[in-house]
Amino acid sequence: MVKKRIIPCLDVKDGHVVKGINFEGIKEVGDAVEMGAKYSSDGADELVYLDISASQQGRKTFTELVRQIAQRINIPFTVGGGISSLDDASRLLDNGADKISLNSAAVADPNLITSIANKYGKQFVICAIDAKKIDGVWRVTTHGGKNLTEKELFSWAKEAQERGAGEILFTSMDHDGTKNGYACNEYAHLSSMLSIPIIASGGAGSVDDIAQVLTEGKADAALAASIFHYGEIPIPELKRALMEKGIDVRYK
Amino acid sequence: MSRQGKIAIIDYNAGNINSVMNALERLGADFVLTGDISEIKSASKVILPGVGNASFAMEELRRSGLIDTIRSLRQPVLGICVGMQVLCNSSQEENTKCIGIFDSNVLQFPMPSENADAIAAEAKVPHMGWNSIQNLESKLFKGIEEGSDVYFVHSFYPTLGTDTIATSRHGNIMFSAALKYENFYGTQFHPEKSGDTGERILKNFLAL
C-alpha cells in the first residue's frame with residue numbers, strides 16, 4: 001500500500017526559510033537548501049517550498065533556489081507561491097520542480113489548473129486551498145488569508161479535481177499556527193468525496209495530531225512547518241511513533 | 001567529437017527530464033541528452049525518461065523517428081515511468097499501441113469514485129507517493145532489500161508477466177514495479193526521486 005506521507009513545508013523569502021505564526025510575525029530560521037537536505041536525510045517523504053517574496057527580485061532568487069534544490073535533493077519537492085500563469089509553471093518545471101502548488105491564481109482563473117495539467121500532467125498540479133469557517137460555511141480565502149472569496153471549500157475542491165488538479169492541499173486558517181490539531185472532520189470529508197490525494201496542513205502540535213489526521217482524518221499526507229523547523233518533533237522520532245501506532249509510513 | 005562511452009538520455013519532448021539529469025549528475029555519470037540516432041546507438045547505456053501521457057510519448061518517438069532505433073539497441077536500456085510504459089505491448093491510455101519489448105500491457109487504475117474495492121482500500125488515483133517493492137529479481141536491485149520503498153506517480157500500471165522483476169501493490173491491484181527483457185529494463189517508479197534506494201538502483205543500472 002502507498003505510505004502516508006510526512007511533508008515539511010518551508011516558507012522562503014529572498015532565499016531564506018521563514019515561518020510566520022498565523023501568517024504574521026515572520027522570523028528567519030535557516031538556509032533553504034540545507035534545511036531541505038537535512039529533512040530528506042531525516043526521512044521526510046516530500047518537501048514543499050513556498051515563495052513568500054513579494055518582489056520581482058525575490059521571485060528571481062526563488063527560481064535560482066529551485067534549481068539548487070533540484071540539484072541537491074533526491075526526493076520529490078513542490079514549489080508554490082505567486083504562480084499565476086502557465087509560463088510561471090514552465091519556468092519552475094524547467095528549473096527542476098516536481099510539482100507546483102496553485103492557490104490564489106487558481107481561484108481567480110480556475111482554467112489555469114486545466115492548462116497546466118494538460119501540458120504537464122495532473123501529477124504536476126497541487127491545488128492549495130486556504131479556508132476559514134464563517135457562520136458554519138468553509139469560505140475560501142486568497143493571498144495568505146487576507147481576501148475572503150465567495151467560493152466554498154468542498155465545492156471548490158471538487159471543481160479543482162475535475163479541472164485536473166492531482167492533489168488537494170487544504171490549510172485550515174482556523175487551525176494554522178494554533179498547534180491544537182488539524183481540522184480532521186474536513187479532511188475526512190474531502191478524502192471521501194474526492195479520488196485524488198489530500199494533504200492536510202495547519203494545526204500540527206504533536207505526534208498525536210499527525211496520527212489523528214492520517215487515520216480519522218483520512219488524509220494521505222500531513223504537512224507541517226514549525227514543529228519541524230524548531231526541532232520540536234524530529235522526523236525520525238515522528239516516523240517511529242507513527243509506525244508504532246500502526247500507521248503505514250516509510251521508515252528508513 | 002566522439003561520444004563513445006557516454007550514457008544517452010533520449011531527448012524526445014518527454015516532459016520533465018531535469019530530475020533524471022540531476023540524479024546522474026549527483027552520481028558523477030558522464031551523460032548526454034540527445035535525440036541524435038547515431039549518438040544514441042553508440043552510447044554505453046541509454047535512458048528513456050518520460051512523464052505524462054503514453055500516447056503523446058509514442059507520438060513524439062514516432063515523430064522523431066526513434067522507434068526502430070530503440071528496438072535495435074543492444075546496450076543496457078532503462079525506461080522510467082512513461083518511458084517504461086512505451087516499451088510495453090500497449091497502453092490503455094488512449095488505446096495506444098506501444099513498442100512491444102516487454103510482454104506486459106499498461107492498464108488504468110480504477111477510479112475510487114467508480115470502484116467499491118478501490119474506495120475500501122483507499123486506493124486513490126494517481127497512485128502517488130512511496131510504496132514498497134517486492135519479488136526483486138535482477139542485478140538492478142543488488143543491495144536493495146525486499147520491501148524497500150520507492151516513489152511512484154502514475155495512473156496507469158503495467159500488468160504482471162514473465163518479464164516482471166519487481167512487484168508492487170496499489171489497493172487490490174498487484175502490478176509490475178519493474179520489468180526486464182534481455183538488455184531492456186524499466187521501472188514504473190522514479191529511481192531519480194526515490195532517495196538513497198533510488199540512487200542505488202541507478203548506480204546498479206550504470207554498473208551493468
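# Inside a predicted two-chain model

User: This is a predicted model, right at the start of my course. Is B:P126 buried or exposed?

Analyst: In this predicted model, B:P126 has a relative accessible area of 6%. Anything under 20% counts as buried. So the label for B:P126 is buried.

User: Where in chain B is B:P126 found?

Analyst: Look for helix α6 (116-120) of chain B, then for strand β8 (127-132) of chain B. B:P126 is found in the loop between α6 and β8.

User: Which residues is B:P126 in contact with, leaving aside its neighbours within four places in sequence?

Analyst: Contact here means heavy atoms within 4.5 Å. In chain B, B:P126 is in contact with B:H154 and B:S155. B:P126 also has partners in chain A, and those are A:G166, A:I196 and A:P197.

User: How many Å apart are B:P126 and B:V153 in space?

Analyst: Along the sequence, B:P126 and B:V153 are 27 residues apart. Going C-alpha to C-alpha in space, the separation of B:P126 and B:V153 is 6.4 Å.

User: Now chain B as a whole. What is its radius of gyration, and why does it agree with a compact globule?

Analyst: Chain B has 208 residues, and a compact globule with that many would have a radius of gyration near 17 Å. Chain B agrees with that because its own value is 16 Å.

User: What share of the residues of chain B count as buried?

Analyst: The cut-off for buried is under 20% relative accessible area. Apply it to the 208 residues of chain B, and the share that count as buried is 60%.

User: How much of the area that chain B exposes do carbon and sulfur atoms supply?

Analyst: Chain B exposes about 8100 Å². Of that area, the part supplied by carbon and sulfur atoms is 46%.

User: How far apart do the centres of the positive and negative side chains of chain B lie?

Analyst: There are two sets to picture here, 18 positive and 23 negative side chains in chain B. Each set has a centre, and the two centres lie 7 Å apart.

User: Which strands are at the edge of the open sheet β6-β5-β7-β10 in chain B?

Analyst: This open sheet has 4 strands, in the order β6-β5-β7-β10, with mixed pairing. An edge strand pairs on one side only, and that fits β6 (96-97) and β10 (156-158) of chain B.

User: In β6(B), which residue is the bridge partner of B:S91?

Analyst: Strand β5 (residues 90-91) of chain B runs antiparallel to β6(B), and 2 bridges join them. Follow B:S91 across to β6(B) and you land on its bridge partner, B:T96.

User: Over in chain A, which strand does β7(A) form a hairpin with?

Analyst: Strand β7 (residues 125-134) of chain A is mostly covered, with 7 of its 10 residues buried. The hairpin has 2 residues between its strands, and A:D135 in the turn has a positive phi of about 50°. Across 5 bridges, β7(A) runs antiparallel to its hairpin partner, strand β8 (residues 137-142) of chain A.

User: Which strand is joined to β7(A) by 6 bridges?

Analyst: Here the two strands run parallel. One place to see them side by side is A:A131, which stands opposite A:S172. The strand joined to β7(A) by those 6 bridges is β10 (residues 167-172) of chain A.

User: Which helix of chain B do the buried residues of α3(A) pack against?

Analyst: In helix α3 (residues 86-94) of chain A, the buried residues include A:D88 and A:L92. The buried residues of α3(A) pack against parts of chain A, among them α2 (56-72) and α5 (111-120). From chain B, the helix is α1 (18-26).

Notes: Residues numbered from 1 in each chain as written. Chains lettered and ligands numbered in written order. Predicted model: local features only at pLDDT ≥ 70, side-chain atom pairs only at ≥ 80, totals over all residues. Heavy atoms only, no water. Rg over C-alpha atoms; globule rule 2.2 N^0.38 Å. Buried < 20%, exposed > 50% of the residue type's maximum accessible area, 1.4 Å probe, protein only. Areas by Shrake-Rupley, 256 points an atom, 1.4 Å probe, with all protein chains shown as cover. Lys, Arg positive; Asp, Glu negative; His and termini not counted. Charge placed at Lys NZ, Arg CZ, Asp CG, Glu CD. Pairing = 2+ DSSP bridges.
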